[in-house]
Amino acid sequence: MPKPVRIAASILAADFARLGEEVARVEPHLDLLHIDVMDGHFVPNISLGLPVIRSLRKVTGLDFDCHLMVTNPGYMVYPLQEAGADSITVHLEAVPNPHPIEARARQAGLGFGLVINPATPYRTLDPFLELCDLVLVMSVVPGFGGQSFMAEVLSKVEAARSAIDRRGLKVDIEIDGGIGPATIGSARAAGANVFVAGTAIFRQPDPIQAISNLRKAAEGGSN
Ligand code: DX5
Ligand code: ZN
């Protein structure tokens, strides 16, 4: 039985001056809010941090899926939990031994996931599947929204899906970067079930219709 499709809107593509309104508009149509935290070091960009997350927590009941593109995510675990995060995902390129941060996330009551960049092979992730609620396969080089989907990462989604099923795990597979109606079906077919979309939601004339189009296109990908 394939896991149901879940759509995570990435606020990186929203209008930050009207963030509360932008989120409120799409909230009833979404499964998750994807929050990209960057440090200008792990990636060459800075996005947002704790004060914005804290403010958003007051205006939405959506689960916050915090994608940490930072070199030292460990020190952020408790502050993120206090700010209102529900789960964190951490890059294996930043934290090659994820056991301590996973333990800290669990202590803080947060969901935990690991992320791999397009250049990182699936075998880097495989030993840690049992630690994760979710694994995130990047389908662009992280740091910026609006990039083109890299179809070559789909083989990693397939490898993760078959290992998760073979090992009887319940780990979600998320994909992030360049997801839109033209690419979501192939990611679904490869075995992903959580889809991050920024540009394809917030930069569309009708974000609600855009979410519905994404769901339809994902279901077209079956699996
Ligand atoms: C990129 C971020 C993504 C980004 C996706 O570093 O991790 O979450 O917002 O943006 P789109 O959907 O525009 O590719
Ligand atoms: Zn992201």
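**Close-up 1. H91 and V115 pair up across β4 and β5.** In this predicted model, H91 has V115 of β5 as its bridge partner. That pairing belongs to the contact between β5 and strand β4 (residues 87-91), where the two strands run parallel and are joined by 5 bridges. Getting from one strand to the other involves a helix: β4, helix α4 (residues 99-107) and β5 form a β-α-β unit, and its hand is right-handed.

**Close-up 2. β5 also pairs with β6.** Strand β6 (residues 134-138) lines up with β5 in the parallel sense, with 4 bridges between them. If you want a residue to look for here, try L114, which stands opposite V135 in β6.

**Close-up 3. Both faces of β5 are covered.** Side chains in a regular strand alternate between the two faces of the sheet. So what does each side of β5 look like, buried or exposed? On one side sit G111, G113 and V115, on the other F112, L114 and I116, and all of them are buried. Put as a count, 6 of the 6 residues in β5 (residues 111-116) are buried.

**Close-up 4. Four residues hold the zinc ion (ligand 2).** The zinc ion (ligand 2) is coordinated by H34 through NE2, H67 through ND1, and D36 and D176 through OD, at 2.1 to 2.3 Å. Along the chain, these donors follow the spacing H-x1-D-x30-H-x108-D. D36 belongs to strand β2 (residues 32-38) and D176 to strand β7 (residues 172-176), so this pair ties together parts that lie 140 residues apart in sequence. As for exposure, D36 and D176 are both buried.

**Close-up 5. The geometry at the zinc ion (ligand 2) is octahedral.** Why does the arrangement count as octahedral? Because the 6 donor atoms around the zinc ion (ligand 2) subtend angles of 71 to 172°. For comparison, six octahedral donors would ideally sit at 90 or 180 degrees.

**Close-up 6. C66 and C132 are in no disulfide.** Searching the whole structure turns up 0 disulfides. For C66, the nearest cysteine sulfur is that of C132, and it is 16 Å away. A disulfide needs the two sulfur atoms within 2.5 Å. Seen from the other end, C132 has the sulfur of C66 as its nearest cysteine sulfur, again at 16 Å. Are these cysteines buried or exposed? C66 is buried, at a relative accessible area of 0%, and C132 is buried too, at 7%.

Key:
Residues are numbered from 1 along each chain as its sequence is written. Chains are lettered from A and ligands numbered from 1 in the order in which they are written. This is a predicted model: local features need pLDDT of at least 70, side-chain atom pairs count only at pLDDT 80 or more; totals for chains, interfaces and linings use all residues. Side-chain values use heavy atoms; hydrogens and water are left out. Buried means under 20% relative accessible area, exposed over 50%, partly exposed in between (1.4 Å probe, protein chains only). Two strands pair if DSSP finds at least two bridges between them. A crossover is right-handed if, with the strands pointing away from the viewer, the path from the first strand over the helix to the second runs clockwise. Donors are N, O and S atoms within 2.8 Å of the metal (3.2 Å for Na, K and Ca); water is not among the atoms, so sites may look incomplete. Four donors count as tetrahedral if all angles lie between 85 and 135 degrees; four count as square planar and six as octahedral if opposite donors are over 155 degrees apart and all others between 65 and 115; anything else is irregular.
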